[in-house]
Amino acid sequence: MSRQVMVPALPAYAARLLTPRESVRHLTRPRLLPLYMFVFISVVVLALVVFSVVVEPGFIRLLAIPAFPLLGGFAGYILHSPVIFVTDRRVVFARRFSKPLLLDLEALEAMKVKQNSLGLLFGYGALHLLVRPPEDLGKGVFLQFKLEKLPHAASLESAISAAAGARKIDRAKKDVRPHGL
């Protein structure tokens, strides 16, 4: 019996991007809030709750103030619903009503995960991808893409490395870091 990797179902707008014999190896979605926003809102809510309990019991109604931007952000997130997935041939960042970002594994030169200690604790990170442009712009010219607010960015990096290794592409593991990658 062969071992199959269980991948969550792709949304319909992302599934249309797959070619006939292309299979999804890894799927992730960026987090709704950046880490700094999550920490800021948590501090504001905690301060309002403490103030309401200690000083003025009716003050708790002010918790509705930070709720409005959160609801608007959540509605926008659901409307656009971004998804990042790795197939056996490429890395795709797709968002509803937007043009997808399609990166071939052959064009990938380097990648690096950036996480601070707080991001590691809450499962946030960013993945920097260094990609050769489609047309030759000269030696040493690359495009850099930054995928932010990723849950478990290291697992996405390892999925990309595994997909590149399965296709016998060594470029994705090369340590090329021009201009601070």
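**Salt bridges, cores and surface of the predicted model**

Arg132 forms a salt bridge with Glu109, in which the closest N and O atoms are 2.7 Å apart. In this predicted model, the pair links distant parts of the chain, since Arg132 lies in the loop between strand 6 and strand 7 (143–147) whereas Glu109 belongs to strand 5, 23 residues apart. The two partners also differ in their cover: Arg132, with a relative accessible area of 31%, is partly exposed, while Glu109 is buried, with a relative accessible area of 5%. In general, side chains of opposite charge can pair when their charged atoms come close.

The structure holds four salt bridges. Another of these joins Glu22 to Arg90, with the closest N and O atoms 2.8 Å apart. This pair, too, links distant parts of the chain, with Glu22 in the loop between helix 1 (12–15) and strand 1 (24–28) and Arg90 in strand 3, 68 residues apart. Glu22 has a relative accessibility of 8% and therefore counts as buried, the limit being under 20%. Arg90 is likewise buried, with a relative accessible area of 11%. A further salt bridge is formed where the side chains of Glu148 and Lys146 meet, at 3.1 Å from N to O. Here Glu148 counts as partly exposed at 43% relative accessibility, and Lys146 is partly exposed as well, with a relative accessible area of 46%.

The surroundings of Arg90 extend beyond its salt bridge. The side chain of Arg90 reaches the backbone oxygen of Leu17 at 2.4 Å. When neighbours within four places in sequence are left aside, Arg90 is in contact with Leu17, Leu18, Thr19 and Glu22, and further with Phe85, Leu102, Leu103, Asp104 and Leu105. A second polar side chain with little exposure to the probe is that of His128, a residue of strand 6, which counts as buried because its relative accessibility is 7%, where the limit is under 20%. The side chain of His128 makes a polar contact with the side chain of Gln144, at 3.2 Å.

With respect to the overall fold, the secondary structure of the protein comprises five helices and seven strands, and these elements follow one another from the N terminus in the order α-β-α-α-β-β-β-β-α-β-β-α. Of the contacts in the protein with a separation of 6 or more, 58% are between residues 24 or more positions apart. Buried residues account for 33% of the 181 residues in the protein.

The largest nonpolar core has 21 residues, and those with the most contacts inside it are Leu127, Leu129, Leu147, Leu150, Leu156 and Ile160. Two or more residues are given to this core by each of strand 2 (83–87), strand 3 (90–94), strand 5 (108–114), strand 6 (126–131) and helix 5 (153–166). Among these elements, helix 5 gives the most to the core, with six residues. The contacts of Ile160 illustrate the packing in this part of the model: apart from its neighbours within four places in sequence, Ile160 is in contact with Val86, Val91, Leu105, Leu108, Met111, Leu127 and Leu129. Another core, of eight residues, lies apart from the largest one, and includes Leu27, Val83, Phe85 and Ala94.

At the surface, the protein exposes about 11500 Å², of which carbon and sulfur atoms supply 63%. A nonpolar surface patch of about 760 Å² is made by Val45, Leu46, Val49, Val50, Phe51, Val53, Val54, Val55 and Ile60. Within this patch, Val49 has its place in helix 2, which spans residues 35–54. Val49 has a relative accessibility of 31% and so counts as partly exposed, a value that also satisfies the condition of over 30% relative accessible area used for membership of a patch.

Notes: Residues numbered from 1 in each chain as written. Predicted model: local features only at pLDDT ≥ 70, side-chain atom pairs only at ≥ 80, totals over all residues. Heavy atoms only, no water. Helix = DSSP H or I, 4+ residues; strand = E, 2+ residues; numbered from the N terminus. Buried < 20%, exposed > 50% of the residue type's maximum accessible area, 1.4 Å probe, protein only. Contact = heavy atoms within 4.5 Å. Areas by Shrake-Rupley, 256 points an atom, 1.4 Å probe, with all protein chains shown as cover. Core = buried A, V, L, I, M, F, W, Y, C linked by side-chain atoms within 4.5 Å. Patch = residues over 30% accessible without salt bridge, like charges linked within 9 Å, V, L, I, M, F, W, Y side chains within 5 Å. Polar contact = N/O pair within 3.5 Å; in protein donor to acceptor, adjacent residues only side chain to side chain.
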